[in-house]
Amino acid sequence: MDAFDESRVFDVARVRADFPILSRCFGKLPLVYFDNGASVQKPMVVVEALSRYYREAHANIHRGVHRLSEEATAAFEEARRRVGRFINARETRECIFTRGTTESINLVAASWGAENLRAGDEILLTEMEHHANIVPWQQVAARTGASVRVVPVAPSGELQAGVWRELLSSRTRLVAVAHASNVLGTINPVREIVEAAHAVGALVLVDAAQSVAHFPVDVQELGADFLVFSSHKVFGPTGIGVLFGRAELLNAMPPYQCGGDMVLEVDFEGTTFREIPERFEAGTPNIADAIAFGEALDYVAALHPGARAHEAFLLDEATRRLGAIPGLRIIGTAGQKVPVISFLLGDIHPLDVGTMLDADGIAVRTGHHCAMPLMKALGVRGTVRASFAFYNTVEEISRLVVSLERIRKMFGQ
Ligand code: PMP
């Protein structure tokens with residue numbers, strides 16, 4: 001496919017017009033935003049939903065008898081329905097609003113973990129997990145006497161079936177795995193992992209933070225017991241995200257936080273709790289952002305599958321052109337990837353590369369990407385990461401290539 005094919009599969013210019021921030025310039029340099037793995041930009045439908053809510057419809061929800069409160073409640077619950085549709089949850093109530101991926105994982109670790117884990121039990125993680133999918137498990141393991149076991153990552157950036165299957169046993173109570181790696185881009189074989197985990201009686205939590213923006217994710221098809229993601233990585237606002245959990249699991253879990261809205265009956269002698277979703281949504285929730293998040297999900301879902309084809313094209317193009325730069329080493333060469341490229345440029349420190357790219361108007365991420373154990377396993381101190389969204393273009397990739405060539409020569413590499 002050449003550059004001109006791009007417009008045939010996906011009208012990137014039209015999509016870019018939905019994102020005003022993409023036309024920003026730094027001096028004379030138009031912004032090239034390649035830090036989408038950290039957070040993506042927001043389309044106008046999301047910005048407008050936030051503004052409209054505060055202009056026209058704000059009130060506290062669930063408890064009000066007045067019309068404004070009823071309207072806000074309806075919009076909030078409609079957002080939950082949109083989340084349920086987006087991931088094909090069997091029931092809307094299986095979708096709990098949280099602050100994001102991190103809080104969702106902490107909720108499951110603290111609530112399900114503390115209730116169900118015992119000494120001798122094992123939690124199986126992979127070497128490519130984000131800190132958010134490591135540390136909460138370490139903490140609950142320390143409190144319960146369970147232990148954490150880790151599936152190593154092969155040099156290609158993939159999990160080897162022979163290896164992860166070996167580590168599953170009747171001691172495994174839970175597998176927590178990234179659907180896609182924020183460093184390597186690897187898409188993990190979650191459906192196979194779920195099948196094998198269920199066969200030994202273990203549950204699976206899928207960290208979908210890096211997958212939902214790139215392809216449709218179906219919790220029923222995956223067989224996930226829990227699945228978590230953040231709104232801000234899927235074109236919605238910050239400060240909101242989702243915990244999906246199978247209804248029978250969530251309803252059997254003790255509350256994570258307690259307060260208003262999640263109780264049935266409060267008495268100084270004792271308190272009874274509501275069922276899901278309210279059981280896990282203590283206090284006034286993030287109403288406006290939930291509503292705008294719902295808009296974002298509908299926006300993304302409508303762009304599939306053209307967006308996916310365009311992103312695959314960007315990934316191929318960038319892999320080929322970056323790979324042709326002398327001394328540039330791509331880290332993560334899995335067969336199935338989301339559009340994320342981690343790399344090193346000769347011996348140049350990733351921070352220097354990132355700073356110099358920024359001087360050219362190109363935003364990338366550098367460092368350990370909240371995956372220190374993976375850095376250690378790969379034997380690197382950090383990487384430069386260019387991560388793409390469907391609003392990126394081949395012209396932007398050309399600018400990255402030109403900049404990297406300039407940096408390489410400046411450092412005499
Ligand atoms: N898991 C993965 C794979 C991620 O990429 C991230 C964000 N970089 C997180 C978890 C944490 O997400 P958040 O900061 O939105 O809670």
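Me: How many salt bridges are counted between domain 1 and domain 2?
Reply: Look for a side-chain nitrogen of Lys or Arg within 4 Å of a carboxyl oxygen of Asp or Glu. In this predicted model, the count between domain 1 and domain 2 is zero.

Me: How many residue pairs are in polar contact across that interface?
Reply: Here the search is for N or O atoms within 3.5 Å, one able to donate a hydrogen and the other to accept it. The rule finds 22 such residue pairs between domain 1 and domain 2, both partners at pLDDT 80 or more.

Me: Which elements of domain 1 give two or more residues to the side that touches domain 2?
Reply: Helix 12 (306–323), strand 14 (340–345) and helix 14 (372–378) do. Helix 14 gives the most, with six residues.

Me: What classes of residue make up that side of domain 1?
Reply: Sort by class. The side facing domain 2 has 21 nonpolar, 11 polar and six charged residues.

Me: Where do the two domains lie along the chain?
Reply: Check whether a domain is one segment or several. Domain 1 is assigned 6–42 + 304–410, and domain 2 is assigned 48–301. Their C-alpha centres are 28 Å apart. The contact draws 38 residues from domain 1 and 31 residues from domain 2.

Me: What area is buried between domain 1 and domain 2?
Reply: Read this as accessible area lost when the two parts are put together, summed over both. The value is about 2800 Å², with carbon and sulfur atoms giving 59%.

Me: Which residues of domain 1 lose the most area to domain 2?
Reply: His304, Val338 and Leu374 do. Together they make up 23% of what the domain 1 side buries.

Key:
Residues numbered from 1 in each chain as written. Predicted model: local features only at pLDDT ≥ 70, side-chain atom pairs only at ≥ 80, totals over all residues. Heavy atoms only, no water. Domains from an automatic or database assignment. Contact = heavy atoms within 4.5 Å. Buried area = accessible area lost by both parts, 1.4 Å probe. Polar contact = N/O pair within 3.5 Å; in protein donor to acceptor, adjacent residues only side chain to side chain. Helix = DSSP H or I, 4+ residues; strand = E, 2+ residues; numbered from the N terminus. Nonpolar A, V, L, I, M, F, W, Y, C, P; charged D, E, K, R; others polar.
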